[in-house]
Amino acid sequence: MHRVVVLALDGVVPFELGIPGRIFGAARSATGEPLYSVATCTLDGGPVRASGDFSIAVEHDASLLASADTVVLPPSHALDGIRHGAPLPDALRDALASVRPGTRLVAICTGAFVLAAAGLLDRRRATTHWREADLLQRMFTAVRVDPDVLYVDDGDVLTSAGVTAGIDLCLHLVRRDHGSEVAGEVARACVTPPWRDGGQAQYVRRPVPEERADGLSPTRAWALERLGDPLTLADLAAHAGLSVRTFTRAFRAETGVSPGRWLAGQRLDLARHLLEATDLPVDAVARRAGFGTGTALRQRFRATLDVSPQTYRRTFRPTPAA
């Protein structure tokens, strides 16, 4: 079983601390067996202060890190020293040094500062909360900081933006490890969207309108039921009862992306799901997902994922023996 170890530092943010246990802990095999074990440790095994008005007691010290397959670093408000140029405390540096080579490292939000200070993000692409991205880049010039994405998957080192982007990243890992069916079940259990593209903008620069009965959610739901149809921007605007210009502006205000990018992402997501969960030929997957032809689907996969649909299917779909 894949072992996930979460390192809680003093001042840890409780919400992000709980994300790995909630997401990985909900992942089950087809027979109901847990796919991950999740444990939390502190540097010395003692309680740590949370960012709120309480403390958190754990059962393990940092020696647990040596047995981890994945190590998760949630953000901590006690990292201000690191954020202002102080070196890693010796105990923290020693704890990270105990992690086995090849162990997957995951930083949620400003946990990226810990990995960067340890030199583990050098020459790697990474992200963090948008408010801290410029500081991360200035302090650690060897890191290739992308401030505009929800999360970055750089193979064995992954980083996310703040709060719910940590959920997106953990769901991405479940999907990467076990496919969209398992990740979808986890998302349903946690009542959260099953997948958001890591390249989606972290936040909407204009104020987000309040949810209203006349918002664009009905149009998005309508479009999701018709991804195989040749939907146009005019079709979406007509369903919403708006001009194309007004619809485009309102859609970006609600979602942070253009209607075209959103639709393309949903179609790619559906194609990935069909490749993982069905035996449909690539041409049939392309038609159902709205790409029209297998050639168009292959081009999109190459451009977006740098693999062919067949390679993706072999990678993410368990074999019958498995």
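Which residues does Thr103 touch, not counting residues up to four places away in sequence? In this predicted model, the answer is Ala68, Asp69, Thr70, Val71 and Asp156. That little neighbourhood is a good place to start a tour, and the sheet comes next.

## Around Thr103

Thr103 belongs to the loop that runs between helix 3 (90-97) and strand 6. Is Thr103 buried or exposed? Its relative accessibility is 7%, and since the cut-off for buried is under 20%, Thr103 counts as buried. Its side chain also has a polar partner: one of its polar atoms lies 2.8 Å from the backbone oxygen of Arg100. Among the contacts of Thr103 are Thr70 and Val71, two residues that we meet again in strand 5.

## The sheet

Six strands make up an open sheet with mixed pairing, and their order is 2-1-5-6-10-9. At the edges sit strand 2 (36-41) and strand 9 (151-153), each of which pairs on one side only. From one strand to the next, the twist averages 15 degrees.

Strand 5 (residues 70-73) is worth following across the sheet. Strand 5 and strand 6 (residues 104-108) run parallel and are joined by four bridges. Strand 1 also runs parallel to strand 5, here with three bridges between them. Individual bridges let you trace a path by eye: Val5 has Val71 of strand 5 as its bridge partner, and Val71 in turn has Leu105 of strand 6 as a partner. Next to Val71 in the chain, Val72 is bridged to Val106 in strand 6.

How are the faces of strand 5 placed? Both are covered: Thr70 and Val72 are buried on one side, and Val71 and Leu73 are buried on the other.

## Helices on the sheet

Helix 1 (residues 14-25) lies across strand 1 (2-7), strand 2, strand 5 and strand 6. Relative to strand 2, helix 1 runs at about 160 degrees. Helix 6 (residues 164-178) packs on the sheet as well, where it touches strand 2, strand 6, strand 9 and strand 10 (157-160). The directions of helix 6 and strand 10 make an angle of about 145 degrees.

## Aromatic pairs

There are five aromatic pairs in the structure. One of them is formed by Phe24 and Tyr36, whose rings are tilted at 55 degrees between the planes and lie 4.9 Å apart, centre to centre. Phe24 is in helix 1 and Tyr36 is in strand 2, so this pair ties together parts that are 12 residues apart in sequence. Phe24 has 0% relative accessibility and counts as buried; Tyr36 is buried too, with a relative accessible area of 4%.

Another pair brings together Phe251 and Trp262. Their ring centres are 5.6 Å apart and their planes meet at 65 degrees, so the pair is edge-to-face. Phe251 comes from helix 10 (residues 244-255) and Trp262 from helix 11 (residues 259-277), and 11 residues separate the two in the chain. Both residues are buried. Phe247 joins in as well, since ring pairs link Phe247, Phe251 and Trp262 into a cluster. Have a look at Arg220 while you are there: its charged end sits over the ring of Phe251, 5.9 Å from the ring centre.

## Two more positions to visit

Ala62 is in the loop between strand 4 (55-56) and strand 5. With a relative accessible area of 9%, Ala62 is buried. Beyond residues up to four places away in sequence, Ala62 touches Cys41, Thr42, Leu43, Ala95 and Ser98. How far apart in space are Ala62 and Leu7? Their C-alpha atoms are 7.5 Å apart, while 55 residues separate them in sequence.

Glu181 sits in helix 7 (residues 180-190). Its relative accessible area is 41%, so Glu181 is partly exposed. Setting aside neighbours within four places in sequence, Glu181 is in contact with His273, Glu276 and Ala277. Glu181 and Asp94 lie 38 Å apart, C-alpha to C-alpha, and 87 residues apart in sequence.

Definitions and conventions: Residues numbered from 1 in each chain as written. Predicted model: local features only at pLDDT ≥ 70, side-chain atom pairs only at ≥ 80, totals over all residues. Heavy atoms only, no water. Pairing = 2+ DSSP bridges. Axes fitted to C-alpha atoms, helices over the stretch in contact; angles between N-to-C directions. Contact = heavy atoms within 4.5 Å. Phe/Tyr/Trp six-rings, centres within 6.5 Å; stacked < 30°, edge-to-face > 60°. Buried < 20%, exposed > 50% of the residue type's maximum accessible area, 1.4 Å probe, protein only. Lys NZ or Arg CZ within 6 Å of the ring centre and 35° of its normal. Polar contact = N/O pair within 3.5 Å; in protein donor to acceptor, adjacent residues only side chain to side chain.
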